[in-house]
Amino acid sequence: MNKDNKKFIVETLFLKEVLKYNLTLKEFIILMYFDNDYDLIFDVKKVSNATCLTEKDTLESFNSLINKRLIKLNSVKDDNGKLIDKVSLENFYNNLRETINLENEEKNENSIFAKFQEIFGKSLSGMDFEIINAWLSKGFSEDLILTALNEAIKNNAPSLRYIDKILFEWGKKGYKSVDDMKKYNRVNEISYNEEKKFETQIFDYNWLDDDD
């Protein structure tokens, strides 16, 4: 193996972004090389040795990436004041950043914070985020918090302070999730029905005919 050959690290996000551009294998290798390179200086011979591509393929793939606006060359001064061309992946990284932001926005659309914003009809303040995060840190599930929100709306009091009171009372009963609430209600319903059944048996009992 050529001593200039080296291993490259390829991150998942890098691969996902690259797939959008239908790059050739050679273009991918060149882009991957500069993503791993510290100096970012385009030296055809050095890049060729490291990637096992011919110098012709290296140059053609490099120029193709420039035409696709994924990389560019910037003239900068080295430590001796001499102008050198350095490779910049700024365009590629900007595209990658936009992709990450879009994915985060899609995730946030389904988050508990987005649902509060949707119902309140306004953006949440920093304090609002802290309050909701505090509920989550106390172990309240998102479903239970949203149930408390619905309860507040039913009572015409859609405010975080009112929801906090609801969760405080539910917390005293041991609710941490909607399932906890259902189990509690189911147990109490059974107890209530058994008590009513016992009361009915007492009232229906014919005490006058009881010889004992």
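This briefing walks you through the overall make-up of the protein, one helix pair, its salt bridges and one further helix. The model you are looking at is predicted. Its secondary structure comes to 10 helices and two strands. Of the 212 residues in the protein, 28% are buried.

**The whole protein**

- If you read along the sequence, the elements follow the pattern α-α-α-α-β-β-α-α-α-α-α-α.
- The accessible surface of the protein comes to about 15000 Å², and carbon and sulfur atoms hold 51% of that area.
- Take the contacts in the protein with a separation of 6 or more: 50% of them join residues 24 or more positions apart.

**Where helices α3 and α4 meet**

- Start with helix α3, residues 44-51, whose axis comes within 9 Å of the axis of α4, with a crossing angle of roughly 105°.
- Angles of 65 to 115 degrees count as roughly perpendicular, so α3 is roughly perpendicular to α4.
- On the α3 side, the residues that take part are V44, K45, V47, S48 and T51, and they meet E55, T58 and L59 in α4.
- Sorted by character, the residues of this contact divide into three nonpolar, three polar and two charged.
- S48, which sits in helix α3, is a good residue to click on.
- Is S48 buried or exposed? Its relative accessibility is 8%, and buried means under 20%, so S48 counts as buried.
- Leaving aside neighbours within four places in sequence, S48 is in contact with L53, T54, E55 and T58.

**Salt bridges**

- Side chains of opposite charge can pair when their charged atoms come close.
- How many salt bridges does a search of the whole structure find? It finds seven, and three of them are described below.

*E60 with K56*

- The side chains of E60 and K56 meet in a salt bridge, at 2.8 Å from N to O.
- Both E60 and K56 belong to helix α4, residues 55-67, where they lie four residues apart, about one turn of the helix.
- An α-helix has 3.6 residues a turn, so residues three or four places apart point the same way.
- E60 has a relative accessible area of 43% and is partly exposed, while K56, at 55% relative accessibility, counts as exposed.

*E90 with K72*

- E90 and K72 form a salt bridge in which the closest N and O atoms are 3.6 Å apart.
- This pair links distant parts of the chain, 18 residues apart: E90 is in helix α5 (residues 90-109) and K72 is in strand β1 (residues 72-77).
- E90 is partly exposed, with a relative accessible area of 41%, and K72 is partly exposed too, with 28%.

*K122 with D128*

- K122 forms a salt bridge with D128, and their closest N and O atoms are 3.6 Å apart.
- Which category does each partner fall into? K122 counts as partly exposed at 45% relative accessibility, whereas D128 counts as buried at 13%.

**Helix α6 and the residue after it**

- Helix α6 covers residues 112-120, and its buried residues include I112, F113, A114, F116 and F120.
- Just after α6 comes G121, which takes a positive phi of about 75°.

Conventions. Residues numbered from 1 in each chain as written. Predicted model: local features only at pLDDT ≥ 70, side-chain atom pairs only at ≥ 80, totals over all residues. Heavy atoms only, no water. Buried < 20%, exposed > 50% of the residue type's maximum accessible area, 1.4 Å probe, protein only. Salt bridge = Lys/Arg side-chain N within 4 Å of Asp/Glu carboxyl O. Axes fitted to C-alpha atoms, helices over the stretch in contact; angles between N-to-C directions. Parallel < 35°, antiparallel > 145°, perpendicular 65-115°, else oblique. Contact = heavy atoms within 4.5 Å. Nonpolar A, V, L, I, M, F, W, Y, C, P; charged D, E, K, R; others polar. Areas by Shrake-Rupley, 256 points an atom, 1.4 Å probe, with all protein chains shown as cover.
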